[in-house]
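Student: I should like to work through this structure by question and answer, beginning with the overall fold and ending with single residues. May we first agree on a term that the discussion will need?

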Amino acid sequence: MMEWRDAMAIDRGALDDDHHRLHELIRHFLALPGEDAQRLRAVALLERMRTLSFHHFEREETLQAAIRYPQLAEHRTQHRRLIVLLGEIIAQVEARESAFAFGYAKGKADQLLPFWFMDHFVKGDLPLKQYIARTPGLMQALAR
């Protein structure tokens with residue numbers, strides 16, 4: 001998975017912190033072996049991703065509403081789809097009564113998660129940078 005870079009910064013604040021934490025959780029997940037003994041740890045990481053994603057999406061949508069982001073409705077729809085997809089990944093990795101071994105489900109998740117994160121980040125989140133830059137003091141106002 002791509003290394004986190006300063007060029008990926010959007011707000012130099014909470015959104016960047018969230019993105020960086022999600023990126024790190026995915027990296028930790030990818031580093032886990034595909035052995036069944038790792039299933040509980042894998043699910044715990046995915047659940048942390050889901051919880052962080054819920055909070056992050058709420059924070060991001062609040063910011064988008066504040067700056068009257070023209071793509072807010074589409075972005076909100078993407079967030080809902082991402083949560084559904086993450087739920088499906090969790091269900092597959094967690095399933096003990098499945099035709100597929102944990103290693104297979106984890107391998108599929110290893111392929112999906114970087115795409116899940118990076119595709120949305122690049123196409124949906126990076127364009128926010130220019131809108132945030134046009135609104136000086138916005139981040140401090142939202143932090144209150």
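Tutor: Contact means heavy atoms within 4.5 Å. Please also keep in mind that this is a predicted model.

Student: How many helices and strands does the secondary structure of the chain come to?

Tutor: Along the sequence the pattern reads α-α-α-α-α-α. The C-alpha atoms fill a box of roughly 50 × 30 × 25 Å along the principal axes. The count for the chain is 6 helices and 0 strands.

Student: What share of the contacts with a separation of 6 or more comes from residues 24 or more positions apart?

Tutor: The chain has 144 residues, and 40% of them are buried. Among contacts in the chain with a separation of 6 or more, residues 24 or more positions apart account for 75%.

Student: How far apart are the mean positions of the positive and negative charges of the chain?

Tutor: The accessible surface comes to about 8,200 Å², with 54% belonging to carbon and sulfur atoms. As for charge, the chain carries 20 positive and 20 negative charges. The distance between their mean positions is 3 Å.

Student: Which helix gives the most residues to the largest nonpolar core?

Tutor: This core has 33 residues, of which Phe29, Leu46, Met49, Val93 and Leu113 touch the most other members. Two or more residues come from each of helix H1 (14-31), helix H2 (39-66), helix H3 (72-94), helix H4 (102-125) and helix H5 (128-133). With 8 residues, the element that gives the most is H2. In soluble globular proteins, nonpolar side chains tend to be buried together.

Student: Which residues does Leu46 touch, leaving aside those up to four places away in sequence?

Tutor: Leu46 is one of the core residues that touch the most other members. Beyond four places in sequence, Leu46 touches Phe29, Leu86, Ile89, Ile90, Val93 and Leu113.

Student: What distance separates the end C-alpha atoms of H2?

Tutor: H2 has 28 residues, so at 1.5 Å a residue it should span 40 Å. The separation of its end C-alpha atoms agrees with this, at 40 Å.

Student: Against which helices do the buried residues of H3 pack?

Tutor: H3 has 23 residues and reaches 33 Å from first C-alpha to last, close to the 33 Å expected at 1.5 Å a residue. Its buried residues are Leu72, His75, His79, Leu82, Ile83, Leu86, Ile89, Ile90 and Val93. They pack against H1, H2 and H4.

Student: Is Gln38 buried or exposed, and which residues is Gln38 in contact with beyond four places in sequence?

Tutor: Gln38 is found in the loop between H1 and H2. Its relative accessible area is 18%, and the cut-off for buried is under 20%, so Gln38 is buried. Leaving aside neighbours within four places, the residues in contact with Gln38 are Leu32, Pro33 and Phe102.

Student: How far apart in space are Arg21 and Met49, C-alpha to C-alpha?

Tutor: Arg21 has its place in helix H1. With a relative accessible area of 48%, Arg21 is partly exposed. Arg21 and Met49 are 28 residues apart in sequence, and their C-alpha separation is 8.7 Å.

Student: What is the phi of Arg12?

Tutor: Arg12 lies in the segment before H1. At 66% relative accessibility, Arg12 counts as exposed, because exposed means over 50%. The phi of Arg12 is a positive value in a residue other than glycine, near 55 degrees.

Student: Which residue takes a positive phi just after H2?

Tutor: The residue lies in the loop between H2 and H3. It is exposed, with a relative accessible area of 73%. Its phi is about 55 degrees although it is not a glycine. The residue just after H2 is Arg68.

Student: Which residues does Leu126 touch, not counting those up to four places away in sequence?

Tutor: Leu126 lies in the loop between H4 and H5. A relative accessible area of 26% makes Leu126 partly exposed. Leu126 and Ala73 are 53 residues apart in sequence and 16 Å apart in space, C-alpha to C-alpha. The residues that Leu126 touches are Met8, Ile10 and Phe121.

Terms used
Residues numbered from 1 in each chain as written. Predicted model: local features only at pLDDT ≥ 70, side-chain atom pairs only at ≥ 80, totals over all residues. Heavy atoms only, no water. Core = buried A, V, L, I, M, F, W, Y, C linked by side-chain atoms within 4.5 Å. Buried < 20%, exposed > 50% of the residue type's maximum accessible area, 1.4 Å probe, protein only. Helix = DSSP H or I, 4+ residues; strand = E, 2+ residues; numbered from the N terminus. Expected span 1.5 Å × (residues − 1). Areas by Shrake-Rupley, 256 points an atom, 1.4 Å probe, with all protein chains shown as cover. Lys, Arg positive; Asp, Glu negative; His and termini not counted. Charge placed at Lys NZ, Arg CZ, Asp CG, Glu CD.
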